[in-house]
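This report describes one protein chain, beginning with selected residues and ending with the chain as a whole.

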Amino acid sequence: MMRGVLGVYVFFLLLLFANAEYVKYKDPKQPVAVRVKDLLSRMTLEEKIGQMVQIDRTVATAQTMKDYSIGSVLSGGGSTPLPQASAADWVNMINDFQKASLSSRLGIPMIYGIDAVHGHNNVYNATIFPHNAGLGATRDPDLVKRIGAATALEVRATGIPYVFAPCIAVCRDPRWGRCYESYSEDHKIVQEMTEIILGLQGDLPSNYRKGFPYVGGKDKVAACAKHFVGDGGTTNGINENNTVIDMHGLLSIHMPAYSDSIIKGVSTIMVSYSSWNGEKMHANRELVTGFLKGTLKFKGFVISDWEGIDRITSPPHSNYSYSVQAGIEAGIDMVMLPFNHTEFIDDLTYLVKNNVISMDRIDDAVGRILLVKFSMGLFENPLADLSLVNELGSQAHRDLAREAVRKSLVLLKNGKNESHPLLPLPKKAPKILVAGSHADNLGYQCGGWTINWQGFSGNNLTRGTTVLGAVRSAVDPSTEVVYRENPDSDFVKSNNFDYAIVAVGEAPYAETGGDSLNLTMLDPGPSVISNACGAVKCVVVVISGRPIVMEPYVSSIDALVAAWLPGTEGQGVTDMLFGDYGFGGKLPRTWFKTVDQLPMNVGDAHYDPLFPFDFGLKTESVPSIVARSTSASVDARPFLLLVAVSLIFSWYFTG
């Protein structure tokens, strides 16, 4: 009896397997192109359009993900699961969204994206590396590649497989509020720094097809080169404005880093809010479809910026159906909405059903999105685990960030004259002063795009070491460190300080919030310099995203250091001030005398800088000076012995 029941059960099981359809797109042994084609053939228009949608986590629900086949979710600046969320909190939130996506009819995984522009900058306790302006000063592409790899690990630690980085803008005017996101005014340096893509995504296998996206495993992330194209060249540096330049200028200054990024397998490219000669980039079919996809043979997907298609019209969103049509026809594949997905879906569905936008254009967009998802292994490994949580803010990554700070610092002045340098400072001194708005403020040290979109002030929102904290740990235990944010001159004069370390600069900002026509330091910076440097030998450390007005103060300063926005590892600054390492950083952009000179870039006819592009004083470290003097004295011994013997002989024979 039992044998008969078992036989019937086996029969029905075999029947079930016989009727089960073999699904090519679910087979990892199939070529990616075959999987894409197979999946596309099974999708409805609604499912295809859903894949083109990216929404913010604040409006994402399990039901929305499943019902609309949403292709992507993102965290905008400061959009986190909860305050001071742990890596596990992030993983659990993202997996909940992913499980909903996998429960849809075809089970297409969503891709979660986040801005990780100087480390995993939205996340509490992450390592915050120097912003790109500082990395450009290092002239060290290998360092930047290692930073990419470390960032990828920290991002993956939180369950995220996609980052909106790197920014490969060529900032031609420091009045631009995003200038610190640019490596340099020189496109060659920006091109070199696209090595970060290989750090984020992994080294390309040999003979990999040019233009195809590549992500090399579960400890790597899909990268996004941004913002295509010309965002750093807008008139007067006004964010999201108009870049007036001919095609030759566009191709020679702003385009080369995109070509390099595509050769290195970048997975996605984000379109710029800005315009080129009056035409919005989000609606520029000639450059997005014609040049990027056609001439440069980019095979990954093109994504809009945040509400980017809304801003095709002025005022934004004033003719949304037109904006949807213009953006999709220009060649945008995924649209960062990020809130109102139903309006976009309804409008795009209407445009396709009424033959305004062709089905071929939709298939191109969705095919590219699926290509990236298949290439990065998202179908095989859609869910994150907790295996990498200890990578977040790890000591190895903090050590790397400290190295990056050291290499990014540019020494602009050292001593009132060359024969009397101030740096390196002695660690053993009876009493020293640390002053300035930026000496004990981790938020100021990190700049914008840190924890919150516009950054923060104070020391409580993430973990790191301020300049003051670094000084205290670096000096001799017998040295008294006195901190005053804004000391008056009487206080400085009456305290018999050996020297002062003054940290001043800009308050944090991001994007349009950083546009500035005057580029002055934060008050009371000028009076702190005057009060401290007027009474005692001083080194001024400028913490800023770009060159700021310094010409009026340079003569009163003994030593001047450009520290850019160094991030969480303030000990990298003191490593240099106290001579544990020698200075080697070079200016990645021209330091102007007055803002009236702007824009002013190396090679311009009116070039008359305070400090020119590529400038940077070099120093030796204290250990290497000691080693050299020691070896020199050792080498001198035979000669000294010979002199001594000669003297003895002369005294003997003449005496």
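His227 counts as buried because its relative accessibility is 3%, under the 20% cut-off for that class. In this predicted model, His227 belongs to strand β5, which covers residues 224–228. The side chain of His227 makes a polar contact of 2.8 Å with the side chain of Asp231. Leaving aside residues up to four places away in sequence, His227 is in contact with Cys167, Arg178, Tyr258, Met270, Val271, Ser272 and Asp305.

A second buried polar residue is Asp558, whose relative accessible area is 9%. Asp558 sits in a loop, with β16 (538–543) on one side and β17 (559–562) on the other. A polar atom of the Asp558 side chain lies 2.9 Å from the backbone nitrogen of Cys538. Cys538 is also one of the residues that Asp558 touches, when residues up to four places away in sequence are not counted. The others in that set are Lys413, Asn414, Gly415, Lys416, Leu422, Val536 and Lys537.

Gly119 is a buried loop residue as well, with a relative accessible area of 3%. The loop in question runs between β3 (111–114) and α6 (132–138). Apart from residues up to four places away in sequence, Gly119 touches Thr127, Phe129 and Thr151. Asp67 is 52 residues from Gly119 in sequence, and their C-alpha atoms are 34 Å apart in space.

**Helix α13 and its surroundings**

Helix α13 spans residues 320–330, and its buried residues are Tyr320, Ser323, Val324, Ala326, Gly327, Ile328 and Ala330. What do the buried residues of α13 pack against? Their partners are three helices, α12 (285–295), α14 (341–353) and α15 (359–375), together with strand β11 (335–336). Just after α13 comes Gly331, with a positive phi of about 125°.

The loop between β11 and α14 contains Pro338. The peptide bond that joins Leu337 to Pro338 is cis. On the other side of α13, the loop that follows β10 (301–303) and leads to α13 holds Glu307. Glu307 has a relative accessible area of 27% and is therefore partly exposed, a class that lies between the 20% and 50% cut-offs.

**Backbone geometry**

Two cis peptide bonds and three positive phi values are listed below.

| Site | Feature | Value |
|---|---|---|
| Ala165 to Pro166 | cis peptide bond | omega near 10° |
| Leu337 to Pro338 | cis peptide bond | omega about -10° |
| Glu307 | positive phi | near 55° |
| Gly331 | positive phi | about 125° |
| Trp564 | positive phi | near 55° |

Pro166 is placed in the loop between β4 (162–163) and α8 (187–192). Trp564 lies in the loop that connects β17 to α21 (571–577). With a relative accessibility of 1%, Trp564 counts as buried. Its positive phi, near 55°, occurs in a residue other than glycine, and this description also applies to Glu307.

**The chain as a whole**

The protein chain contains 22 helices and 17 strands. How does its radius of gyration agree with that of a compact globule? For 655 residues, such a globule would have a radius of gyration near 26 Å, and the 29 Å of the protein chain agrees with this. Along the principal axes, the C-alpha atoms fill a box of roughly 125 × 70 × 45 Å.

Of the 655 residues, 58% count as buried. Among contacts with a separation of 6 or more, 76% are between residues 24 or more positions apart. The protein chain exposes about 25,700 Å², and carbon and sulfur atoms supply 55% of that area. The chain has 57 positive and 66 negative charges, and the mean positions of the two sets are 6 Å apart.

Technical notes
Residues are numbered from 1 along each chain as its sequence is written. This is a predicted model: local features need pLDDT of at least 70, side-chain atom pairs count only at pLDDT 80 or more; totals for chains, interfaces and linings use all residues. Side-chain values use heavy atoms; hydrogens and water are left out. Helices (H or I, at least four residues) and strands (E, at least two) are DSSP runs, numbered from the N terminus. The radius of gyration is taken over C-alpha atoms; the globule rule is 2.2 Å times the number of residues to the power 0.38. Buried means under 20% relative accessible area, exposed over 50%, partly exposed in between (1.4 Å probe, protein chains only). Contact means heavy atoms within 4.5 Å. Accessible areas come from the Shrake-Rupley method with a 1.4 Å probe; for residues, only the protein chains shown count as cover. Lys and Arg count as positive and Asp and Glu as negative; His and the chain ends are not counted. The place of a charge is taken as NZ of Lys, CZ of Arg, CG of Asp or CD of Glu. A polar contact is a pair of N or O atoms within 3.5 Å; within protein, one must be able to donate a hydrogen and the other to accept it, and residues adjacent in sequence count only if both atoms are side-chain atoms.
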